[in-house]
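The following paragraphs lead the reader through a structure, beginning with its charges and ending with one of its helices. Please keep the sequence and the model in view while reading.

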Amino acid sequence: MDLCIVTPVFNDWASFERLLGDLEDSLVDKCNFQVVAVNDDSYVPPPDGLLERDNLTVLNLICNLGHQRAIAIGLAYVADNIHCDAVVVMDADGEDKPSDIPTLIDASAAAPESIVVAGRGKRSEGAAFRLGYRLYRWMFRLFTGKQIRFGNFCLIPVGIVKRLVFQDSIWNHLAATVLRSRFNIEMVMTERGTRYQGESSMNSASLALLGLSAISVYSDVASLRTMMGAFLMSMVAITGILVTAGLRIFTDLAIPGWASNVVGSMTIILIQCVIVSVLVSFIVLANRSQRGFIVAHHYNEYLST
């Protein structure tokens, strides 16, 4: 198998150098491979000689685009310029272990038309990050009705890569795009590796942005669920108004002032639900009339010459 490894790099060239060595050790007898490193406008220069390898291509971005978009550009470049059988997407910090790639290759050999993703059987981050990650998964399921149990670490047949890069959602979130695609997904359970050095730059704000980016892939579904929630709340408000009116008119349970307070509160909730439903409807209609950003057509615009 001819394999291409796509990995984004931002300043951490020491970890990237260790990754290259681990890839050599893990894949030397397994397959032929080459690496496409997407330099996300690093301000730290790589060490002398690091990039002088025959099986290494470095794409220098003209500005910092972030992790997900750097990956999207790497995949679009591979689809256009590199001959291979499959593409592995992974981080360069050591948390995606090169030693797991042979397992992904074996799973792909058993299901050659599938995307093989690395599920996490055990996470090694701190309690605060794990709590935030659980919240991210819960919110994703609430708004989309889907469970997302994997990240960027995956093996994608090159034929599928050439189709994924024409989906506009890959510009925002790879894993959610894979989940929403109609391609078959095979999951291999792995454990997150130990970082080569330093600490993760992922904080609460970054995790929240990642979660919103994932939900944006299902923006139409999320909008529909929001409208359904607003509709249910409006039904509750209307029921509350009718029940209050019935108690006030037909029973002696009325307490001075309570009926007007309840009806007023329910009316405010009803008006808010109607406003939310109308706004979401117009947003969905406006988005459907616009053409999305196709990374396969525009990735060259972000490459530094």
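The chain carries 24 positive and 29 negative side chains, and the centres of these two sets are 13 Å apart. The model is a predicted one, and every value in this account is to be read in that light. As for its surface, the chain exposes about 16,300 Å², and carbon and sulfur atoms supply 56% of that area.

The overall form may be considered next. Along the principal axes, the C-alpha atoms fill a box of roughly 85 × 40 × 40 Å. The radius of gyration of the chain is 25 Å, whereas a compact globule of 305 residues would have one near 19 Å.

Within this outline, the secondary structure consists of 10 helices and 7 strands. Of the 305 residues in the chain, 42% are buried. Among contacts with a separation of 6 or more, 80% are made by residues 24 or more positions apart.

One helix deserves a closer look. Helix α9 comprises 31 residues, from 258 to 288. How far apart should its ends lie, at 1.5 Å a residue? The expected span is 45 Å, and because the end C-alpha atoms of α9 are in fact 45 Å apart in the model, the two values agree.

Helix α9 also has a buried part, formed by A259, M266, C273, S277 and V280. The element against which the buried residues of α9 pack is α8, which covers residues 219–250.

Conventions. Residues numbered from 1 in each chain as written. Predicted model: local features only at pLDDT ≥ 70, side-chain atom pairs only at ≥ 80, totals over all residues. Heavy atoms only, no water. Helix = DSSP H or I, 4+ residues; strand = E, 2+ residues; numbered from the N terminus. Rg over C-alpha atoms; globule rule 2.2 N^0.38 Å. Buried < 20%, exposed > 50% of the residue type's maximum accessible area, 1.4 Å probe, protein only. Contact = heavy atoms within 4.5 Å. Areas by Shrake-Rupley, 256 points an atom, 1.4 Å probe, with all protein chains shown as cover. Lys, Arg positive; Asp, Glu negative; His and termini not counted. Charge placed at Lys NZ, Arg CZ, Asp CG, Glu CD. Expected span 1.5 Å × (residues − 1).
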